[in-house]
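Here is a short briefing to read alongside the coordinates. Have the viewer open and follow along topic by topic.

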Amino acid sequence: MIILGIESSCDDTSVSLVKADKNGFEILAEKTASQIDIHKKYGGVVPEIAGRMHAEKILPLIETVMRESPSIKTQGKPDVICVTSGPGLITGLMVGVEAAKALSYLWNVPLVGVNHIEGHIHSVEISNFKFQISKQLPITNYQLPKIKYPALALIASGGHTELILIKNQGQYKKIGATLDDAAGECFDKVAKLLEFEYPGGPKISKYAENGNPSAIQFPRPMLNSKDFNFSFSGLKTSALYWLRDNVKSQTNTYNLKPNHLSDFCASFEQAIIDVLVGKTIKAVEKFKPKTVILGGGVAANKKLRESLQNSLTTLNCELRTPNLKYCMDNATMIAVAGYYKAKNKKITKWNKLVADPNWEVS
Ligand code: KG4
Ligand code: ZN
């Protein structure tokens, strides 16, 4: 089955052609146009600009990906089109969904609406096929082990922080989510105080590498609450208050000396990691999953991956993380998640698919 995946829910326009067969998923061609360079001027994603940029890029990207893939040249069209139809920015979602609907109608190809979070969950099934070819591994090596269920997913990105229980493939139950800011959003907002460009999460984690995580005692919001929810806005405020009280500044940004900056970043990062890992482990102890899936942009954080791995060693539970490239938004994860839906005949007629910015995974 050849799947055309389309993703446009935030600030990446991404298109991918994926072949699913008994060996797993093979990426035939993929292209992503990031809008970061434009949004960073504004310190975050501007929905109207995002929509316009997606509209500019979507058809050229589809055209390029179709042209680059030899298998599609013989076949002429994919077997199914899978598109992110929620959650996300409505201005972006509409562009991807309308493009997918038009192609589904024109080619008479089935259409699948994919939940963006479900895409992040399936990102752990994508191996970097091209990377493996360059290392001259046999082709069968692109098959990654299947996810063992029941599983628990922690999806942490700029727009989401959710804990999802997965009883079996496609059976989701959200057990917790952030009540305010997402973990990535908290990284980005505090990074902005430090005059780091958007998205600042990677830069905070880079500085944190040389810092002392115990230098500043930031709060661990809701770490001991009885539920599986998160809250990060209080942590962001404490970071702001600490800067205001300890660093002289005439503006709303703070310039720390390098070693203080590293200590600040390490302490702040540690607070977020403690909460994410603490809540996930609490859920593992209660629900006893066989696998923990860590996905979303924040899953690129090396220390978070290591801390979760260390905490899981005694719990008889396997950690699955995406290849770094697939932590970020991409169409390949949407194609993979959509493949399972197509296999289970969860197809939508082209004129019935609607973009839903608040679609909860269920
Ligand atoms: O999944 P993603 O590409 O887009 C959304 O759906 O939001 O995630 C982007 C987010 C940003 O907030 C970015 O700062 C964060 O992921 N991020 C990181 C790291 N790399 C990306 N946060 C912490 N540490 C990192 N290494
Ligand atoms: Zn995402």
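The notes below go through the metal site, the ligand surroundings, the helices and the backbone. Please keep in mind that this is a predicted model. Two good places to start are the zinc ion (ligand 2), held by His116, His120 and Asp329, and ligand 1, which has 19 residues around it.

**The zinc site**

- The zinc ion (ligand 2) is coordinated at 2.1 Å by NE2 of His116, NE2 of His120 and OD of Asp329.
- Along the chain, the donors are spaced as H-x3-H-x208-D.
- The geometry at the zinc ion (ligand 2) is irregular, because its 4 donor atoms subtend angles of 92 to 148°, and a tetrahedral label would require all angles to lie between 85 and 135 degrees.
- For reference, the ideal angle for four tetrahedral donors is 109.5 degrees.
- Both histidines, His116 and His120, come from helix H5 (residues 116–122), where they sit 4 residues apart, about one turn of the helix.
- His116 has a relative accessible area of 3%, so this residue is buried.
- His120 is buried too, with a relative accessibility of 0%.

**Around ligand 1**

- The closest of the 19 residues that surround ligand 1 are Gly158, Asp188, Gly297, Asn301 and Asp329.
- Asp329 is also a donor to the zinc ion (ligand 2).
- A polar side-chain atom of Ser157 is found 3.4 Å from an oxygen atom of ligand 1.
- The backbone takes part as well: a polar backbone atom of Gly159 is 3.2 Å from an oxygen atom of ligand 1, and one of Gly297 is 3.1 Å from an oxygen atom of ligand 1.

**Helix H11 and its cap**

- Asn301, listed among the closest residues to ligand 1, caps the N-terminal end of H11, with a side-chain oxygen 3.1 Å from the backbone nitrogen of Lys303.
- Which residues of helix H11 (residues 302–312) are buried? They are Leu304, Arg305, Ser307, Leu308 and Leu312.
- Viewed down the axis of H11, these buried residues fall within an arc of 170°, so they line one face of the helix.
- Lys302 and Asn310 are exposed on the other side of H11.
- The cover over the buried residues of H11 includes H10, strand E9 (291–295) and strand E10 (318–320).

**Helices H10 and H12**

- Ser262 belongs to helix H10 (residues 258–287) and is buried, with a relative accessible area of 7%.
- Leaving out residues up to four places away in sequence, Ser262 touches Tyr207, Ala208, Asn210 and Gly211.
- Is Lys279, also in helix H10, buried or exposed? Lys279 is buried, with a relative accessible area of 0%.
- Beyond residues up to four places away in sequence, the contacts of Lys279 include Leu163, Met222, Asp227 and Phe230.
- Ala331 lies in helix H12 (residues 331–343) and counts as buried at 1% relative accessibility.
- With residues up to four places away in sequence left out, Ala331 touches Gly5, Ile6, Glu7, Ser14, Val15 and Ser16.
- Ala331 and Thr91 are 240 residues apart along the chain, and their C-alpha atoms are separated by 17 Å.

**Backbone features to check**

- As background, most residues other than glycine have a negative phi, and most peptide bonds are trans.
- The peptide bond from Gly86 to Pro87 is cis, with omega near -15°; Pro87 lies in the loop between strand E4 (80–86) and H4.
- Tyr149 and Pro150 are joined by a cis peptide bond with omega about 0°, and Pro150 is in the loop between helix H6 (129–134) and strand E6 (151–156).
- Glu195, in the loop between helix H7 (183–193) and helix H8 (201–208), has a positive phi of about 65°.
- Asn108 has a positive phi near 55° and lies in the loop between helix H4 (90–107) and strand E5 (111–115).
- Asn108 is exposed, with a relative accessible area of 67%, and touches Lys77 and Leu103, not counting residues up to four places away in sequence.
- Between Asn108 and Trp350 there are 9.1 Å from C-alpha to C-alpha, although the two are 242 residues apart in sequence.

Note on methods. Residues numbered from 1 in each chain as written. Chains lettered and ligands numbered in written order. Predicted model: local features only at pLDDT ≥ 70, side-chain atom pairs only at ≥ 80, totals over all residues. Heavy atoms only, no water. Donors = N, O, S within 2.8 Å, 3.2 Å for Na, K, Ca; no water. Tetrahedral: all angles 85-135°; square planar, octahedral: opposite > 155°, others 65-115°. Helix = DSSP H or I, 4+ residues; strand = E, 2+ residues; numbered from the N terminus. Buried < 20%, exposed > 50% of the residue type's maximum accessible area, 1.4 Å probe, protein only. Contact = heavy atoms within 4.5 Å. Arc of directions from axis to C-beta. Polar contact = N/O pair within 3.5 Å; in protein donor to acceptor, adjacent residues only side chain to side chain. Near = heavy atom within 4 Å.
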